[in-house]
Amino acid sequence: MTTVDPRADLSTLHGPDGSGPTFVLGQYVSLMKPRIIELLLITTIPVMFLAQQGVPNLWLVVATVVGGTLSAGSANTLNCYIDRDIDAVMHRTSNRPLVTGTVSPRGALLFGVALAVVSTVWLGVLVNWLSAWLALAALLFYVFGYTLLLKRRTAQNIVWGGAAGCMPVLIGWSAVTGSVSWSALILFMVIFFWTPPHYWPLSLRYKDDYATAHVPMLPVVERFVVVAKQIVAYSWAMVLTSLALIPVQSMGWVYTVAAVVSGGLFLAEAHRLLSRARAGVAEDALRPMRLFHFSITYLTILFVGVALDPIWHLPLPGMG
């Protein structure tokens, strides 16, 4: 196994060809992990529609999205700075700017801290300070709680560390109402339970990468059938929690159908993975990435239902 030296100066490694301000800007933006931020926006904006019980103020949505993007980008940049030693030995992350040397560690650190300051002030001044503190709390927990404390020490790292990714629903709700409600907390828990069945299939696919980097992701330290059982357990908890929103927020047919159909498909896919693991199917034939990709589709469908239900509200019987 390759030994990971956290003191290694990775900036000396040869990077991809490129020069000029546009290239450099692109490298810094990639540290923010824009594709991950897209998932955060999928949850933030629909919750604002639900909190407003209709279409929220457009400027408020823009201000919240910009602030949330900068805050999440800060967390991801600082994660890249801290994990640059791990990224250097993992095939999946070997092209990140801090590994290739196109961005220096000092530059990434300053960029991440600057984003944290700007995003907090932006949200505080243009949205409200509750949203700003919630975003800052998510950022700090992701950097110090997950990246520095949990990731390299426990197989449950993604379970508890994933709480940071649940915060956008609270931020979106508080941006509209200035408070946090039971409905927002239910959606927070939906994403909390969603995170393990979303991320563990990816960890199954890249198990050898994590093992090489000495990161104790669950698939590295447990048999695949154990991982699949936990995926199924969290999937059931996720779907049942999503249904709890119906009576609490008086959701109608739009959300109910979205939650039941997408949840049923998610459970079917999770049980398929468990069945194949129990049958002793070869590692390359488990196809865990099917569940990973569908988990993104599930989240999208569910939160589209969250956004559309208050606009096209069709009451359920007895909940009109």
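**Charges.** I looked up the charges of the protein chain in this predicted model. I found 19 positive and 14 negative charges, and their mean positions lie 5 Å apart.

**Surface and burial.** I next took the accessible surface. The protein chain exposes about 14,100 Å², and carbon and sulfur atoms supply 66% of that area. I noted that 54% of the 320 residues in the protein chain are buried.

**Overall fold.** I then asked how many helices and strands the secondary structure comprises. I recorded 15 helices and zero strands for the protein chain. Its radius of gyration is 20 Å, close to the 20 Å that the globule rule gives for 320 residues, so I entered the protein chain as being as compact as a globular protein of that length. Along the principal axes, I read a C-alpha trace of about 65 × 55 × 30 Å. Of the contacts between residues at least 6 apart in sequence, I noted that 77% join residues at least 24 apart.

**Helix α15.** I checked the length of α15, residues 289-308. At 1.5 Å a residue, its 20 residues should span 28 Å; I found the end C-alpha atoms 29 Å apart, which agrees.

Which residues of α15 are buried? I listed Met289, Leu291, Phe292, Phe294, Ser295, Tyr298, Leu299, Leu302, Phe303, Gly305, Val306 and Ala307.

I last looked up the helices against which these buried residues of α15 pack. The partners I recorded are α2 (34-52), α9 (167-177), α10 (182-205), α13 (224-249) and α14 (253-278).

Methods:
Residues numbered from 1 in each chain as written. Predicted model: local features only at pLDDT ≥ 70, side-chain atom pairs only at ≥ 80, totals over all residues. Heavy atoms only, no water. Helix = DSSP H or I, 4+ residues; strand = E, 2+ residues; numbered from the N terminus. Rg over C-alpha atoms; globule rule 2.2 N^0.38 Å. Buried < 20%, exposed > 50% of the residue type's maximum accessible area, 1.4 Å probe, protein only. Contact = heavy atoms within 4.5 Å. Areas by Shrake-Rupley, 256 points an atom, 1.4 Å probe, with all protein chains shown as cover. Lys, Arg positive; Asp, Glu negative; His and termini not counted. Charge placed at Lys NZ, Arg CZ, Asp CG, Glu CD. Expected span 1.5 Å × (residues − 1).
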